[in-house]
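Biologist: I'd like a close look at one part of this one, the helical part, residue by residue where you can. Start wherever you like and work outwards from there.

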Amino acid sequence: MPRSGARALLLLLLEFAGGAGEDEEQDLKTLRALRKVFGSDVKIMVDANGAYDPTTAIKIGRHLEELDIFWFEEPVTPEDVDGMARVRENISIYLAAGEC
């Protein structure tokens, strides 16, 4: 692990490869690389900024579980309450939302 002293890292996926949702495989590739670099001692939280539809958010969320991601922030738009409920029912990691 790099000696940054960091214990947690929040990633806004919009900063990578054209933004969250533009290339799901690239989003996951980036997260896998970061987990490899930081190891299991650093908590990683992911903010998708509402970029995914519920089905895609569930698919991504299942991969995030494998990467031991601490939380998945706004996998769907904050207004999509039913979609967020669907995501919550189908993945086991914490969800964060509600900034609006």
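Modeller: Let's start with Ala85, which sits in helix H3. Keep in mind as we go that this is a predicted model. Ala85 counts as partly exposed, because its relative accessibility is 34%. Follow the chain 10 residues on from Ala85 and you get to Leu95, with the two C-alpha atoms 10.0 Å apart.

Now for the helix around Ala85 and its partner. H3 covers residues 81–90, and its axis comes within 9 Å of the axis of H2, with a crossing angle of roughly 30°. Angles under 35 degrees count as roughly parallel, and H2 and H3 are therefore described that way. As for handedness, H2 goes past H3 in a right-handed crossing. On the H2 side the contact is made by Pro54, Thr55, Ala57, Ile58 and Arg62, and H3 answers with Gly83, Arg86, Val87 and Asn90. Sort those residues by class and you have 4 nonpolar, 3 polar and 2 charged ones.

Pro54 deserves a stop of its own. This proline belongs to helix H2, and it is buried, since its relative accessible area is 13% and the cut-off is under 20%. What does Pro54 touch, leaving out residues up to four places away in sequence? The list is Val76, Asp80, Gly83, Arg86 and Val87. Three names there, Gly83, Arg86 and Val87, come up again on the H3 side of the helix contact. There's another proline to look at from here: Pro75 is 21 residues from Pro54 along the chain, and their C-alpha atoms are separated by 7.7 Å.

Now turn to the other neighbour of H2. Helix H1 spans residues 24–38 and H2 spans residues 54–66, and their axes come within 11 Å and cross at roughly 20°. H1 and H2 are therefore roughly parallel to each other too, and H1 passes H2 in a right-handed crossing. From H1, the residues in the contact are Glu24, Leu28, Leu31 and Arg32, and they meet Thr56, Lys59, Ile60, His63 and Leu64 of H2. This contact has 4 nonpolar, 2 polar and 3 charged residues by class.

Zoom in on Arg32, which lies in H1. Arg32 is partly exposed, because its relative accessibility comes to 37%. Setting aside residues up to four places away in sequence, Arg32 touches His63 and Leu67. Arg32 and His63 are 31 residues apart in sequence, yet 9.5 Å apart in space when you go from C-alpha to C-alpha.

Leave the C-terminal end of H2 and you're in the loop that leads to E3, where Asp68 lies. Its backbone is worth a glance: the phi of Asp68 is near 55°, a positive value in a residue other than glycine. Asp68 counts as exposed, because its relative accessibility is 52% and the cut-off is over 50%. Past E3, in the loop between E3 and H3, you meet Glu74. Glu74 has a positive phi as well, about 45°, although it is not a glycine. Is Glu74 buried or exposed? Glu74 is buried, as its relative accessible area is 6%.

The strand between those two loops, E3, covers residues 71–73 and pairs with E2 in the parallel sense over 3 bridges. Within that pairing, Met45 stands opposite Trp71 of E3. Strand E2 covers residues 43–47, and 4 of its 5 residues are buried, so it is largely enclosed by the rest of the structure.

Stepping back, here's the setting for all of that. The protein chain has 3 helices and 4 strands, in the order β-α-β-α-β-α-β from the N terminus on. Buried residues come to 39% of the 100 in the protein chain. Of the contacts with a separation of 6 or more, 66% are between residues 24 or more positions apart.

Terms used:
Residues numbered from 1 in each chain as written. Predicted model: local features only at pLDDT ≥ 70, side-chain atom pairs only at ≥ 80, totals over all residues. Heavy atoms only, no water. Axes fitted to C-alpha atoms, helices over the stretch in contact; angles between N-to-C directions. Parallel < 35°, antiparallel > 145°, perpendicular 65-115°, else oblique. Left-handed = near helix turned anticlockwise from the far one by under 90°. Contact = heavy atoms within 4.5 Å. Nonpolar A, V, L, I, M, F, W, Y, C, P; charged D, E, K, R; others polar. Buried < 20%, exposed > 50% of the residue type's maximum accessible area, 1.4 Å probe, protein only. Pairing = 2+ DSSP bridges.
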